[in-house]
Amino acid sequence: MDRETLGQRIRALRIRQGVSQAQLAFPELSDSYISLIESDKRVPAPSVVDLLAVKLNCSATYLVSGVSEDVVDELRVTLDYAEIALRNGAAAEARARFAEVLANADAVALPEMLHQARWGHALALEAAGELEEAIAGLRALTEEASAEADLDHWARVHVALSRCLRERGDISAGVQAAEEALRHLIATGADSTDAAVHLGAALLAAFIERGDLVRARQLAVQLVERAERIGSARARTVAYWEAANVAQIRGEYEEGVALAERALLLAGDGEDPRDLDRLRVVYAGLLLRARPDQAMQARELLDRVRGEINAGSAGEIDVARCLTELARAETALGRPAEAVRLAEEALDLLGEAPRRVRAGALTVLGEACVRLGRRDRAVEVLTRAATCLEDMESSREAAQAWFDLAEVLAETGTQEPRMAAYRRALTCVGV
């Protein structure tokens with residue numbers, strides 16, 4: 001059934017209350033203007049809608065949407081509950097509550113609430129690991145979002161889309177999503193904004209995962225320069241964080257530690273706890289690589305983060321990253337059996353999807369198995385890690401993984417598989 005128009009609702013309420021057009025108009029408006037509104041020949045400004053709502057003893061929301069205030073309040077409570085569930089890590093509960101709002105017929109008449117529910121539902125799907133559905137929802141949102149209307153939200157939607165595509169293993173599509181969005185901001189003169197820094201960080205992450213370290217390095221320098229020009233603490237935090245990631249992948253661990261420390265110093269009380277925990281995991285990983293003698297300090301930091309993310313809103317990927325770095329710390333501290341347990345726990349969380357974090361957990365598991373003398377198990381998991389990275393277009397990391405596997409095979413005395421692994425490593429780097 002078609003809903004009443006705004007004009008029809010105003011007319012119905014006026015007649016029900018026994019008020020003439022002239023009486024409703026007086027003294028601010030004219031009766032002819034009221035007549036035009038009621039016949040839907042004029043769309044009143046929001047201030048006029050507010051005025052008429054007061055005169056007709058109803059809410060402005062009801063006049064605009066036709067949805068009663070009781071229903072609006074109920075939907076708002078459900079949305080608030082869904083947001084809290086999402087922040088607290090209850091992804092399934094959040095998804096169900098957002099879906100409840102989306103299924104409500106009245107939500108169609110409340111575009112802002114409907115958009116909030118769709119955005120939250122996509123994030124809840126991502127947190128639950130349902131990436132295909134999350135990507136479909138985010139693609140629809142990017143088509144409707146407007147950088148001119150809300151630049152920050154427009155950027156957040158595109159960043160989320162790029163992130164989900166990368167998590168699914170479609171790194172090229174993740175690059176394209178972030179690159180096109182950033183290009184649009186630059187073309188419209190919005191390149192010196194926090195939104196541009198966040199999009200640049202998403203693109204940088206995609207370059208890293210694809211193994212495109214030359215472009216990643218160039219973009220990292222540009223990102224830091226742009227963030228320092230903007231000057232906001234949030235922009236600089238994001239830029240230093242992503243530059244630290246680039247330094248880590250390039251093997252420039254001390255530089256990475258310094259950048260991560262600058263990011264941590266800038267991260268304030270208003271920082272999203274999830275982002276702060278992710279940054280701490282990156283920092284701990286850099287410490288392990290740059291300063292092996294500080295492995296215990298890194299482990300203690302990771303242990304604190306693990307306690308926070310288990311009680312908070314972290315998704316499976318964040319938990320798996322923390323577990324993987326903890327496993328790396330345990331290996332460095334001479335406890336490979338504990339490293340195996342932690343790496344396997346991370347892999348159980350991630351399933352079989354070709355994700356970079358899964359490849360990282362497999363690599364750490366393989367290293368721990370080598371330490372334990374489990375050569376056959378090490379060969380099996382390192383082969384899976386290298387294949388996973390190759391499938392995800394992470395050519396540089398795949399080459400390193402095949403090389404590491406070849407070294408393990410050299411210790412087992414198996415000549416042909418070792419040479420095959422070396423050949424795969426060379427193929428990955430284009431030789």
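Is α14 mostly covered or mostly uncovered, and how many of its 17 residues are buried? I looked this up in a predicted model. α14 is mostly covered, with 14 of its 17 residues buried.

**Helix α14**

I then checked the length of α14, which runs over residues 233–249. At 1.5 Å a residue its 17 residues should span 24 Å, and I found the end C-alpha atoms 25 Å apart, so the expected and computed values agree. I also looked at what follows the helix: G251, just after α14, has a positive phi of about 80°.

**Whole chain**

I counted secondary structure next. The protein chain has 23 helices and zero strands. Its C-alpha atoms fill a box of roughly 95 × 40 × 35 Å along the principal axes. Of the 431 residues, 47% are buried. I also took the contacts in the chain with a separation of 6 or more, and 58% of these are between residues 24 or more positions apart.

**Residues 10–63**

I looked up the UniProt record, an unreviewed entry, which lists residues 10–63 as "domain: HTH cro/C1-type". In the model this span is 63% helix and 0% strand. Its end C-alpha atoms lie 7 Å apart.

I went through the backbone here for unusual angles. Most residues other than glycine have a negative phi, and most peptide bonds are trans. I noted three exceptions.

- F26 and P27 are joined by a cis peptide bond, with omega about -5°. P27 sits in the loop between α2 (21–25) and α3 (31–38).
- D40 is not a glycine, yet its phi is positive, near 60°. I placed D40 in the loop between α3 and α4 (46–55). D40 counts as partly exposed because its relative accessibility is 40%, and the partly exposed class lies between 20% and 50%.
- N57 is likewise not a glycine and has a positive phi of about 55°. N57 is in the loop between α4 and α5. Its relative accessibility is 67%, so N57 counts as exposed; the cut-off for that class is over 50%.

**Second largest pocket**

Which helix gives the most to the lining of the second largest pocket? I found that α5 does, with four residues. The helices that each supply at least two lining residues are α5 (60–65), α6 (69–87) and α8 (111–127).

I wrote down the lining in sequence order: A60, T61, V64, S65, V72, R76, A109, L110, P111, E112 and M113. By class I have seven nonpolar, two polar and two charged residues. The volume of this pocket is about 270 Å³.

**A290**

Last, I looked at A290, which belongs to helix α16 (residues 273–290). Which residues does A290 contact, leaving aside its neighbours within four places in sequence? I found Y253, E254 and V257. I also checked A290 against E255: these two are 35 residues apart along the chain, and their C-alpha atoms are separated by 9.0 Å.

Conventions: Residues are numbered from 1 along each chain as its sequence is written. This is a predicted model: local features need pLDDT of at least 70, side-chain atom pairs count only at pLDDT 80 or more; totals for chains, interfaces and linings use all residues. Side-chain values use heavy atoms; hydrogens and water are left out. On a 1 Å grid over the protein atoms alone, a cavity is a set of points where a 1.4 Å probe fits but cannot get out, and a pocket is an open set with protein on both sides within 12 Å along at least five of seven lines; lining residues have an atom within 4 Å of a point. Grid points are joined across faces, edges and corners, and a volume is the space filled by probe spheres set on the points. Ala, Val, Leu, Ile, Met, Phe, Trp, Tyr, Cys and Pro count as nonpolar, Asp, Glu, Lys and Arg as charged, and the others, Gly among them, as polar. Contact means heavy atoms within 4.5 Å. UniProt positions are given in the numbering used here, feature names are shortened, and annotations may be inferred rather than shown by experiment. The expected span of a helix is 1.5 Å times one less than its number of residues. Buried means under 20% relative accessible area, exposed over 50%, partly exposed in between (1.4 Å probe, protein chains only).
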